[in-house]
Amino acid sequence: MLVDPLEVLERCDTPRGEIQLQRRGGEYELISNGTFLMATYNGESEKRLVRSAIEACAKDGMTLLIGGLGVGYSLGEAVHHPQTGQVTVVEIEDQVIAWNRTYLAPFSGNALSHPKTRVVCADLLKWISETDETFDALCFDIDNGPDWTVFQDNESLYSPEGLEALTRLLNPGGVMSFWSASASPAFKALLDSLFAGVEEIRIEQPRNVEPDVVYIAKT
């Protein structure tokens, strides 16, 4: 079987190490310190992260917070949905934002240029602790989920204290959603202990890869 050659397009050093954008054929991959983060070749689960939260909230003109820009699939799904108002996306890496304006723009439908979009370049955890804003839905695609965080600090997002901090950002009747590269029974149990309604959505992947998972938590 022929495999498309790998082409490294750009790499740069950040306070968190090296990030790299590479291309295989017509698809792009994001790599952080040698660890695969995400790619453009299948964005269905990232879209479901947002779409499921919007459907669970069921409110016109809703405000969304997206944690993590990635390759732009989540943001694209949010800003092009008819029920959303302003969509705020917080991304720590300015280079990832730049790549979403160039190489990756077609995959989100040029979402960073959409009038609903507000992009914030900041550490999500620090930004959450300082903001006084509230939202109707919070959608998080951080590292590879609760059981596989590339950066240790991000583990706190999935802790009881982290979830409590997130709840303070929700408007009444708000919804949270979390993307994970695999099922996390421990995280599901934690959500069940803290929220009135929790749903686990499995998104099947091609080539017998373990399903991606989206967790929905309703206040």
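What follows is a walk through this structure, from its central sheet to its salt bridges and two loop residues.

Before setting out, please keep in mind that this is a predicted model, in which local features need pLDDT of at least 70 and side-chain atom pairs count only at pLDDT 80 or more, while totals for chains, interfaces and linings use all residues. Residues are numbered from 1 along each chain as its sequence is written, and side-chain values use heavy atoms, with hydrogens and water left out.

Let us start with the sheet. Seven strands make up an open sheet with mixed pairing, and their order is 7-6-5-8-9-11-10. Strands (E, at least two residues) and helices (H or I, at least four residues) are DSSP runs, numbered from the N terminus, and two strands pair if DSSP finds at least two bridges between them. At the edges stand strand 7 (117-121) and strand 10 (197-203); each has a single partner strand, so one side of each is left without a neighbour in the sheet. On average, neighbouring strands of this sheet are turned by 15 degrees against each other, direction ignored. Such angles are taken between N-to-C directions and run from 0 to 180 degrees, with axes fitted as lines to C-alpha atoms, for helices over the stretch in contact. As a general reminder, strands of a sheet pair through backbone hydrogen bonds, either parallel or antiparallel.

Strand 8 is a good place to pause. This strand (residues 135-140) pairs with strand 9 (residues 170-180) in the parallel sense over five bridges. Along this pairing, F135 stands opposite L170 in strand 9, and A137 faces V175 of strand 9. Strand 8 also pairs with strand 5 (residues 62-67), again in the parallel sense, over four bridges. Here G67 is the residue opposite F140 of strand 8. Strand 8 is mostly covered, with six of its six residues buried. Buried means under 20% relative accessible area, exposed means over 50%, and partly exposed lies in between (1.4 Å probe, protein chains only).

Now look at the helix that packs here. Helix 5 (residues 160-167) lies on the sheet and touches strand 8 and strand 9, and its direction makes about 135 degrees with that of strand 9. Contact means heavy atoms within 4.5 Å. The buried residues of helix 5 are G162, L163, A165 and L166. They span an arc of only 155 degrees around the axis, which puts them on the same side of helix 5; the arc is that of the directions from the helix axis to the C-beta atoms. Their cover includes helix 4, strand 8, strand 9 and helix 6 (185-194).

From the sheet we can turn to the charged side chains. A search of the whole structure finds 11 salt bridges, each being a side-chain nitrogen of Lys or Arg within 4 Å of a carboxyl oxygen of Asp or Glu. One of them joins E133 and R118 at 2.8 Å, N to O. E133 sits in the loop between helix 4 (124-130) and strand 8, and R118 in strand 7, so the pair ties together parts that are 15 residues apart in sequence. Both partners are partly exposed: E133 has a relative accessible area of 25%, and R118 one of 26%.

Within helix 4 there is another salt bridge, between E130 and K126, whose closest N and O atoms are 2.7 Å apart. These two residues are four apart in helix 4, which means that about one helical turn separates E130 and K126. E130 is exposed at 54% relative accessible area, whereas K126 counts as partly exposed at 49%.

A further salt bridge brings the side chains of R51 and E44 together (2.7 Å, N to O). R51 is partly exposed at 21% relative accessible area, as is E44 at 31%. The pair belongs to a network of salt bridges that links E44, R51 and E77.

Finally, two asparagines are worth a look for their backbone angles. N33 has a phi near 50 degrees, a positive value in a residue other than glycine. This residue lies in the loop between strand 3 (27-32) and strand 4 (35-39) and is partly exposed, at 40% relative accessible area. N110 has a positive phi too, near 55 degrees. You will find N110 in the loop between helix 3 (94-101) and strand 7, where it is partly exposed with a relative accessible area of 46%.
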